[in-house]
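Dear colleague,

I am passing on to you the structure that I have been looking through, and I would be glad if you kept it open while reading the notes underneath.

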Amino acid sequence: GKLGRTVVVGSLAVALLMVLAAMLPSLFSSRLSWYSATLDPRSPESEWVSRWTAHAQDTVRGIGLGGIFGQGTGQESLGKQYLSEDPDHSPAGLYQVEAGFGAVAVEWGLVGLSLWLGWTVAWIWRQWRAVRAARDGPLGAAGMLLFAWIVLLLFVQFFGGLATFQNYLVNAYFWLLSGMIFALPEAAATARLEAGANE
């Protein structure tokens, strides 16, 4: 059945990776050593502490730059390089902070940042309630996957800046997947009714 096909495909993928690793050992070893050096928190070259520190400092700096009401929408927004006079449209030096919450604070100040955080937490909470309502059955697993993507976008990927959220494709997926999550309770109830009718 499905489990057998999944095991076969997974085994073939692992075998292909092993063959590639044997054929191109320097390619795999260089990447593995780089990942282990930068992602292992015990490594002196770990990126975790430096990136977290930079994000925290940029968030605090953004709050300081934005003040109570901010500098206005668009100050840290995606595409600012196309409005500058640089013929290369380089984003270098145009943005004041590299942190999503810091960028919101620059644009909308402490008031806007508070509203953004309130909206984010409320959005996540409402989606979690929708996922929990559909937890019985296969739709619950799909809901958890969609929910994880939304949480990653609104919190983890937001560390890199406001541009992550403003990317057109990412934003379209955000709204589409959010709508799917909000539809889960009704879809799960319909599936249960159909299963009951079939029995």
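What follows is an account of what was found, beginning with confidence and then turning to the aromatic residues, the core and one of the helices.

Please bear in mind that this is a predicted model. The average pLDDT of the protein is 88, and 99% of the residues score at least 70. Among the elements, α4 has the highest mean pLDDT, at 96, while helix α2 (residues 25-39) has the lowest, at 77.

As to the aromatic residues, the structure holds 16 aromatic pairs. One of them joins F101 and F158, whose ring centres are 4.9 Å apart and whose planes stand at 65°, and since an angle over 60 degrees counts as edge-to-face, this pair is edge-to-face. F101 belongs to helix α4 (residues 100-133), whereas F158 sits in the loop between α5 (138-156) and α6 (162-166), so the pair ties together parts that are 57 residues apart in sequence. Both F101 and F158 are buried.

A further edge-to-face pair is formed by W123 and W175, with 5.4 Å from centre to centre and 80° between the planes. This pair, too, links distant parts of the chain, as W123 lies in helix α4 and W175 in helix α7 (residues 168-198), 52 residues apart. The two partners differ in their exposure: W123 counts as buried because its relative accessibility is 17%, which falls under the 20% cut-off, while W175, at 43%, counts as partly exposed. Ring pairs connect these four residues with others into a cluster made up of F101, W108, W116, W119, W123, F158, F165, F174, W175 and F182.

Turning to the core, the largest nonpolar core has 26 residues, and those with the most contacts inside it are I150, L154, F158, F165, F174 and I181. Helices α4, α5, α6 and α7 each supply at least two residues of this core, and α4 gives the most to it, with 11 residues. As for L154, if residues up to four places away in sequence are not counted, this residue touches F101, W119, T120, W123, I124, F165 and F174.

The last part concerns helix α3 (residues 48-66). This helix has 19 residues and reaches 27 Å from its first C-alpha to its last, close to the 27 Å expected at 1.5 Å a residue. Its buried residues are H55, D58, T59, G62 and G66, and, seen down the axis of α3, they fall within an arc of 105°, so they line one face of the helix. An α-helix has 3.6 residues a turn, so residues three or four places apart point the same way. On the other side of α3, V49, Q57, V60 and G64 are exposed, and what covers the buried residues of the helix includes α4.

Within α3, it may be worth pausing at G62, which counts as buried at 0% relative accessibility. Leaving aside neighbours within four places in sequence, G62 is in contact with V97, G102, A105 and V106. The C-alpha atoms of G62 and A99 are separated by 8.3 Å, although these residues are 37 apart along the chain. Just after α3, G67 takes a positive phi of about 65°.

With kind regards

Terms used:
Residues are numbered from 1 along each chain as its sequence is written. This is a predicted model: local features need pLDDT of at least 70, side-chain atom pairs count only at pLDDT 80 or more; totals for chains, interfaces and linings use all residues. Side-chain values use heavy atoms; hydrogens and water are left out. Rings of Phe, Tyr and Trp (its six-membered ring) pair if their centres lie within 6.5 Å; planes under 30 degrees apart count as stacked, over 60 as edge-to-face and the rest as tilted. Helices (H or I, at least four residues) and strands (E, at least two) are DSSP runs, numbered from the N terminus. Buried means under 20% relative accessible area, exposed over 50%, partly exposed in between (1.4 Å probe, protein chains only). A nonpolar core is a set of buried Ala, Val, Leu, Ile, Met, Phe, Trp, Tyr and Cys residues joined through side-chain atoms within 4.5 Å. Contact means heavy atoms within 4.5 Å. The expected span of a helix is 1.5 Å times one less than its number of residues. The arc is that of the directions from the helix axis to the C-beta atoms. pLDDT is the predictor's confidence in each residue, from 0 to 100.
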